[in-house]
Amino acid sequence: MPLLEIADDGFRLDARPFRIVSGALHYFRVHPEQWADRLHKARLLGLNTVETYVPWNLHAPHRGEFRLDGGLDLPRFLDTAAAEGLHVLLRPGPYICAEWEGGGLPSWLLAEEGIVLRSSDPRFLREADAYFGSLLPPLRPYLGSNGGPILALQVENEYGAHGDDTAYLAELAAMLRRHGVDVPLFTCDQPADLVRGSLDGVLPTASFGSRVAAGLAALRELRPRGPLMCTEFWIGWFDRWGGVHTRRDPADAAADLDRLLAAGASVNIYMFHGGTNFGFTNGANDKGTYRPTVTSYDYDALLDEAGDPTPKYAAFREVIARHTAVPAEPLPPASPKAAFGPVELSPTAGLLEQADALGTPVTADRPLTMEELGHPFGFVLHETELPTPGPAVLHVERVRDRAQVFVDGQPVGVLERENHEHTLAFTVPRPGARLAVLVENQGRVNYGSGLHDRKGLLGRTTVNGTPPTAWRSRALPLDRPDAFPHGFADPARHPVGPAFHHGVLTVDEPADTFLHLDGWTKGVAWINGFALGRYWSRGPQRSLYVPGPALRPGPNEITVLELHATATRRVHLRDTPDLGPTEE
């Protein structure tokens, strides 16, 4: 594939005028066996390019580790895009936002006290350089300069909304060049932040979802000549727990796309296909109140979470056809969906009772953070002894993010960051009673000033005004459900605290389906070891997407970690999702 050029009159490819008509598709939010399907539908829409972020924290969840396998096989994704005849815009960060855990920055960076993320802090720059050194060499054959599909790379992401350290941006651009990137570089900022986020010698682009003329005018004011591009043309939005499912009228979004293309601009539709925040990968926002993002990243995109064309897909295809050639092929049909019915689950292990099988405690004079324990996602368990029986008040300076409190294995309450809760009263039944605090990382903040979002019990933690000085902090890695403990002596009993529940779904022919957990409260679900993500009865999301490739003919293992007592033992596999109400 030829090299992209930035000329005074626009983009050129192979010395001919070229308009980028792109859609966002994050490989890490889609099962790898479905990449080809989604990319094919991108081409049928009339796109000539797809865009993806690269999540540093998923490729390097621990310091010194770097993965390019399975669902993180970025070279395979690039090969698949090229086979479909699509170019690629690559946005490797190091910061990506994306409503993704920590904005894509690895949690282990925060183990270093005082480090300043997204800055010229030498400690941050050193790790970013090492990250690029692992990521970019395998991608060099995929650069347009080497005949590959990658047209251009983005420097950072919407930095103008965060800071004004131009030296930091310049060093990131220099890193990319040192690691062999010789295709064009670009930045992306909201119109009001373009000046702060731009860099000499790097193409500025904008992000907006409406007010097209104003957005393009801001770009033209900054750069009187050259291509105009909206790198994030927002056509929907993400959802948060406790909110509603966000929708945008297809005709309204399509009209703004028409205005954008009629102005001669290039575009990246955000999102063409949103996908799913599988496992523990959702991000969060905190503008005074913490708001975690839901598991589904449907985004009201052109393809829904299961990859099926929506009415917005048809509306956008009609608009695109007015401005460029669209393949003369019929719209792709929806993929088969299956309703496999109810599955009975049995409790197989209490989380607190089996903590020793899940992780090794580390003793300290205070609760250690997840970052200090080297634990990126999920849960951490803090334990201490209470010497004096009677009334007690637990006070935690900063709960990050949701703390379930137990005394001798019995639940006594919950403290939630979202509700600004710090204090819990309970009764200590005996001398030496065990206090256990199970803390869930509900997603690190991915945008704004709260990015340094360490997890656990932070600051001063006291009981009756006195800080316990002998804590056992234990990371609880849940990335290998095949290693989860089993062993309730009486599987018929109902556990009183967090517990794993297990069942078997028998399938003749695998197909996409949706796991509904009616009557369950809060937790995480897996199928055949594939982490579907979090569920929570507060909604709006009421079902979890199960990709067909995660199933297999015959028996399929369903594992649910329910954090609270539940009266039900049944889950349902239905052929339709429930993402919640669209109006409050």
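This is a short tour of a predicted model, with a suggestion at each stop of what to select and what you will find there.

**Stop 1: the barrel**

Start by colouring strands S4, S5, S6, S7, S8, S9, S10 and S11. In that order they form a closed barrel of 8 strands, and the pairing is parallel. Averaged over this sheet and ignoring direction, neighbouring strands are turned by 30° against each other.

For one pair in detail, select residues 203-208 and 229-234. These are strands S9 and S10, which pair in the parallel sense over 3 bridges. Which residue of S10 is the bridge partner of Ala206? Show Ala206 together with Cys230, and you have the two partners on screen.

**Stop 2: a helix across the strands**

Now add helix H3, residues 74-83. H3 lies across S4 (21-25), S5 (49-53), S6 and S7, and it runs at about 150° to S6.

**Stop 3: two packed helices**

Keep H3 visible and bring in helix H1, residues 35-45. Two packed helices are described by the angle between their axes and the distance between the axes. Here H1 and H3 pack at about 35°, and their axes are 9 Å apart. The crossing of H1 and H3 is right-handed.

To see the contact itself, show side chains for Trp35, Ala36 and Leu39 on H1, then for Arg76, Phe77, Thr80 and Ala81 on H3. These contact residues divide into 5 nonpolar, 1 polar and 1 charged.

**Stop 4: two loops with a positive phi**

Move to the loop between S6 and H4, and select Arg118. Arg118 is not a glycine, yet its phi is positive, at about 55°. Is Arg118 buried or exposed? Its relative accessible area is 3%, so Arg118 counts as buried, the cut-off being under 20%.

Next, go to the loop between strand S7 (150-154) and helix H5 (166-178), where you will find Glu156. Glu156 has a positive phi of about 55° too, although it is not a glycine. With a relative accessibility of 1%, Glu156 is buried.

**Stop 5: two cis peptide bonds**

Return to the loop between strand S6 (87-91) and helix H4 (122-135), this time for Pro94. The peptide bond leading from Gly93 to Pro94 is cis, and its omega is near 15°.

For the last selection, take Arg400 and Asp401, which are joined by a cis peptide bond with omega near 15°. Asp401 sits in the loop between strand S18 (390-400) and strand S19 (402-407).

Notes. Residues are numbered from 1 along each chain as its sequence is written. This is a predicted model: local features need pLDDT of at least 70, side-chain atom pairs count only at pLDDT 80 or more; totals for chains, interfaces and linings use all residues. Side-chain values use heavy atoms; hydrogens and water are left out. Helices (H or I, at least four residues) and strands (E, at least two) are DSSP runs, numbered from the N terminus. Buried means under 20% relative accessible area, exposed over 50%, partly exposed in between (1.4 Å probe, protein chains only). Axes are lines fitted to C-alpha atoms, for helices over the stretch in contact, and angles run from 0 to 180 degrees between N-to-C directions. A crossing is left-handed if the near helix is turned anticlockwise from the far one by less than a right angle, and right-handed if clockwise. Contact means heavy atoms within 4.5 Å. Ala, Val, Leu, Ile, Met, Phe, Trp, Tyr, Cys and Pro count as nonpolar, Asp, Glu, Lys and Arg as charged, and the others, Gly among them, as polar. Two strands pair if DSSP finds at least two bridges between them.
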